[in-house]
Amino acid sequence: MDTSSIAVVGGGASGALTAIHVLRLARARRTRVAVTLIDQHGRHALGQAYATTDPYHLLNTRADRMSAVEGAPGHFVSWARAAGLDASEAGFLPRAVYGRYLREVLAASAEPPARALHLITGTAAGLEGDRAVRLADGRRVAADAVVLALGNRAPAPLPGVPAHARHVADPWAAGALAGVGDGASVLVLGTGLTMVDVALTVTRAHPGTVVYALSRRGLLPRAHPPVPATPVPVVLPDGPLRVADLLRAVRRAVRANAGDWHGVMEGLRPRTQELWTRLGPGERRIFLDRVARYWEVHRHRIPPASAAALAELRDSGRLRLLRGGLAGAVPAGTGLRVRAELDGTVRELDVGWLVNATGPRPDVTSDPFLAGLVSTGAARRDALGLGLDAGPDGAVRDAKGRPGERVFAVGPLLRGSLYETTAVPEIRAQAAALAPRLLEAARVPRARLTA
Ligand SMILES: Cc1cc2nc3c(=O)[nH]c(=O)nc-3n(C[C@H](O)[C@H](O)[C@H](O)COP(=O)(O)OP(=O)(O)OC[C@H]3O[C@@H](n4cnc5c(N)ncnc54)[C@H](O)[C@@H]3O)c2cc1C
């Protein structure tokens, strides 16, 4: 019997969930498969989000939504309890625990030699047609189907800020925050989830650390309620949707729910992808320009424990929220002198560290591998420039808009077509839907596919 070969580029949660679903499906079908998971930093099953070792970095999703197996919602909680952890369905476990879980489920999904899993540490540099992945060190991974699971790119460089030992350009890089909690003040650019991570880590590393968090609107992520909210239905018109209709319906639902927006968010969450497709290109742009930032802080909430820790830091003056923009920075002493425009006035602030937490850079061509795929016409950016253009099943579209039959994308790369595609529940569903497609692509003779 032939063995299908599937190469997954990117070994984070998206790549791991894809591998898990392919291996489990192959086991159920008693077919042979070899999955190769390629990760440039060797952070297989951990990636950006779950490589942290800080126990105060908690999942921002309740445990019962974080199962690695579609259709088995209790899987993560059962695993955690079996591992001796105090886990409840509605609780928020450390992200490091989740990384351990994903690694174990991934390893347990393989059954060599019939259903083999190969973990490769290396950087994908290009595709050889749709037959193989070429690595930067010259190795080649032959594959019947390729999955692009590259996740988010590092933040865009900050204009006017030089490279400096105390300028952390990518807070998600391995060990990036290692020296930062030395007691010197820290300016974090951005006030989202990454800022929360940085503030918790550096103030715990040294209690004297003062963190300044700077962003245009100074919006902080909201907190989850202690008890999960019951989903509230949001009544929307059928057919194409305008942002104005959406906002009106949401406000109406919040009023009807006595001002409690959490239930409304729960009601909207499973429908986000459908609503995004109904918005149409022009309306999507309006959403991104005017609504997305407010949506993000309500949608991506932090656990109550993290919110309490943040409130304590603010009350004690160790976390100071600044509203404005960064104008530049120069080296000063051992740290940096930052110029920031605050309330219309440019001010200078001497800080020990500057951390870029402005969020992932949307442009896929900032990544050399993806830039190569776009320049050779094997892929193209989506219309909004948020990721790669792909069909509803993740099939990557080439320069002419034709969906490929052997190259697929999962996770954040699909943001342009799905919008809600960065959290585990959505990625898990994509992986489960893609698994049969991958086994099928691998089994159909190539001549038939390319004819
Ligand atoms: C700090 C943080 C916390 C989060 N917390 C949660 C949470 O609690 N719950 C939730 O549901 N979601 C959470 N998320 C959302 C998160 O995006 C997903 O859960 C998930 O981690 C996305 O994984 P990914 O594999 O798509 O991306 P990544 O984790 O970024 O993994 C992509 C991998 O691809 C590798 N790679 C990139 N280019 C190449 C190349 N050319 N060759 C080889 N390898 C390459 C990278 O090194 C990386 O390891 C969080 C995200 C972040 C950043």
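Visitor: Which residues does Leu 102 touch, leaving out those up to four places away in sequence?
Guide: Leu 102 touches Ala 13, Ala 16, Ala 45, Tyr 50 and Ala 68. Keep in mind that this is a predicted model.

Visitor: What makes these count as contacts?
Guide: Two residues are in contact if their C-beta atoms, placed from the backbone, lie within 7 Å. Ala 13, Ala 16, Ala 45, Tyr 50 and Ala 68 are therefore partners of Leu 102 by that rule.

Visitor: And why is Leu 102 called buried?
Guide: The cut-off for buried is 20 or more other C-beta atoms within 10 Å. Leu 102 has 24 such neighbours, so it counts as buried. You'll find Leu 102 in helix α4, residues 95-109. If you like distances, try Met 66: it is 36 residues from Leu 102 along the chain, and their C-alpha atoms are separated by 10.0 Å.

Visitor: Ala 45 was one of those partners. Is Ala 45 buried or exposed?
Guide: Ala 45 has 28 C-beta neighbours inside 10 Å, so it passes the mark of 20 and counts as buried. Ala 45 sits in the loop between β2 and α2. There's a quirk too: its phi is positive, about 70°, although Ala 45 is not a glycine.

Visitor: What about Ala 258, buried or exposed?
Guide: Ala 258 has 7 C-beta neighbours inside 10 Å. Exposed means 12 or fewer, so Ala 258 counts as exposed. Its place is the loop between α6 and α7, and its phi is positive as well, near 55°.

Visitor: Which residues of the helix after that loop, α7, are buried?
Guide: In α7 (residues 261-268) they are His 262, Gly 263, Val 264, Met 265 and Leu 268. These buried residues pack against α6 (243-256) and α8 (272-299).

Visitor: Let's do sheets. What is the order of the strands in the sheet of 6?
Guide: The order is β3-β2-β1-β7-β16-β15, in an open sheet with mixed pairing.

Visitor: Why do β3 and β15 stand at the edges?
Guide: β3 (115-121) and β15 (395-397) each have a single partner strand, so one side of each is left without a neighbour in the sheet. Neighbouring strands here are turned by 35° against each other on average, direction ignored.

Visitor: How do you know that β2 and β3 are paired?
Guide: Pairing needs at least two bridges, and 7 bridges join β2 to β3, so the two strands pair. They run parallel, and Val 33 has Arg 115 in β3 as its bridge partner. Helix α1 packs on this sheet, touching β1 (4-9), β2, β3 and β7 (145-148), with its direction at about 175° to that of β2.

Visitor: How many bridges join β4 and β5?
Guide: 4 bridges join β4 (residues 124-128) to β5 (residues 132-135), so this passes the test of at least two as well. These two strands run antiparallel. Gly 126 has Arg 134 in β5 as its bridge partner. The hairpin has 3 residues between the strands, and in it Gly 129 takes a positive phi near 55°.

Visitor: What is the strand order in the open sheet of 7?
Guide: That one goes β8-β14-β9-β10-β11-β12-β13, again with mixed pairing. Its edge strands are β8 (167-168) and β13 (345-351), each pairing on one side only. Strands β9 (residues 186-189) and β14 (residues 353-356) pair in the parallel sense over 4 bridges, with Leu 187 opposite Leu 354.

Visitor: Why is Val 188 called buried?
Guide: Val 188, in strand β9, has 30 C-beta neighbours inside 10 Å, so it clears the cut-off of 20 and counts as buried. Its contacts include Met 195, Val 198, Val 211 and Ala 357. Val 188 and Ala 357 are 169 residues apart in sequence, and their C-alpha atoms are 6.3 Å apart.

Visitor: Last one: how many residues surround the ligand?
Guide: There are 32, and the closest are Gly 10, Gly 12, Ser 14, Gly 47 and Gly 151. By class, the shell has 13 nonpolar, 16 polar and 3 charged residues.

Visitor: What makes Gly 10 one of the polar ones?
Guide: The class rule counts Gly as polar, so Gly 10 goes in that group.

How values were computed. Residues are numbered from 1 along each chain as its sequence is written. This is a predicted model: local features need pLDDT of at least 70, side-chain atom pairs count only at pLDDT 80 or more; totals for chains, interfaces and linings use all residues. A residue is near a molecule or strand if its C-beta atom, placed from the backbone, lies within 6 Å of it. Axes are lines fitted to C-alpha atoms, for helices over the stretch in contact, and angles run from 0 to 180 degrees between N-to-C directions.
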